[in-house]
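Q: I am new to this structure and would love a close look at a single part of it. Could you walk me through one strand and its surroundings?

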Amino acid sequence: RLFTLYNGVDIEKFCPSTRKRREGRVRLSFHGRWSEKKGILVLLRAVRILESKRSDFECYIAGSPEVPFPTPESRRVGDVVLEMMKGLRTTKLVGAMPHDDLPAFIQDMDLGIVPTISPEPFGIVNLEYMACGLPVIATRTGGIPEIVADGKTGRLVEPNNAEELAAAIDELLDAPALRERMGGEGRKTVEAKFTWERHVENLISIYDGIHRNG
């Protein structure tokens, strides 16, 4: 028998900001391993497309080729990122940060971008954005569609498609009310399905069912 047991996120730590809404350009956020599989290069290509027609946004990229540990691939991707950055005006590198600093970083953003190329078994980063009340633009791969509801808590795009990713970002840049609504729905979704308390309840339920049925 197979059971689906979702991971959870700390909704006390990852929560919507209580500060007054920041004015100014819309902020996009990416944090994760610097790997082609995580789609960081696809995101930069999408930003290049967006910059050809608008400049009213900022893209913040957290992480580095050295985190969680350096590999030949991460360092190669790091070199490509730095080279691509030379031609971009809106993108900022914020470096690696401790996990405890992530909530404040996310709370200062408007959109979470998860451009994973390879099938993602789950993708905790999606929950971190949603728990903080951000809409998520992610790829339609692996377990991500079980977390991000297209049109409700964000947008799903095809993996490794910079044009489609750029179009989804473009849409939400012009729709503050939609971003607000999607962010609120994302928080509700996390509270209902993806807390650690819900994870434990579901785990106990699975064990109880196995014990009763043998």
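A: Here is a friendly tour of strand β4 and its partners, followed by a look at a residue in another strand and at a pair of helices. Please keep in mind that this is a predicted model.

Let's begin with β4, which covers residues 111-114. Leu-111 and Ile-113 point one way from this strand, while Gly-112 and Val-114 point the other way. In a regular strand, side chains alternate between the two faces of the sheet. Whichever way they point, all four of these β4 residues are buried.

Now for the partners. Strand β1 (residues 26-31) pairs with β4 in the parallel sense, over two bridges. Leu-28 has Leu-111 in β4 as its bridge partner. β4 also pairs with strand β5 (residues 136-139), again in the parallel sense, this time over three bridges. Here Gly-112 stands opposite Val-136 in β5.

Leu-28 leads us to Glu-58, because Leu-28 is among the contacts of Glu-58 beyond its neighbours within four places in sequence; the others are Arg-25, Val-26, Arg-27, Thr-90 and Lys-92. Glu-58 lies in strand β2 (residues 57-62). With a relative accessible area of 14%, under the 20% cut-off, Glu-58 counts as buried. Its side chain makes a polar contact with the side chain of Tyr-60, at 2.8 Å.

Finally, the helices: α4 (residues 124-131) and α6 (residues 176-193) pack at an angle of about 115°, their axes 7 Å apart. The crossing of α4 past α6 is left-handed.

How values were computed: Residues are numbered from 1 along each chain as its sequence is written. This is a predicted model: local features need pLDDT of at least 70, side-chain atom pairs count only at pLDDT 80 or more; totals for chains, interfaces and linings use all residues. Side-chain values use heavy atoms; hydrogens and water are left out. Axes are lines fitted to C-alpha atoms, for helices over the stretch in contact, and angles run from 0 to 180 degrees between N-to-C directions. Helices (H or I, at least four residues) and strands (E, at least two) are DSSP runs, numbered from the N terminus. A crossing is left-handed if the near helix is turned anticlockwise from the far one by less than a right angle, and right-handed if clockwise. Buried means under 20% relative accessible area, exposed over 50%, partly exposed in between (1.4 Å probe, protein chains only). A polar contact is a pair of N or O atoms within 3.5 Å; within protein, one must be able to donate a hydrogen and the other to accept it, and residues adjacent in sequence count only if both atoms are side-chain atoms. Contact means heavy atoms within 4.5 Å. Two strands pair if DSSP finds at least two bridges between them.
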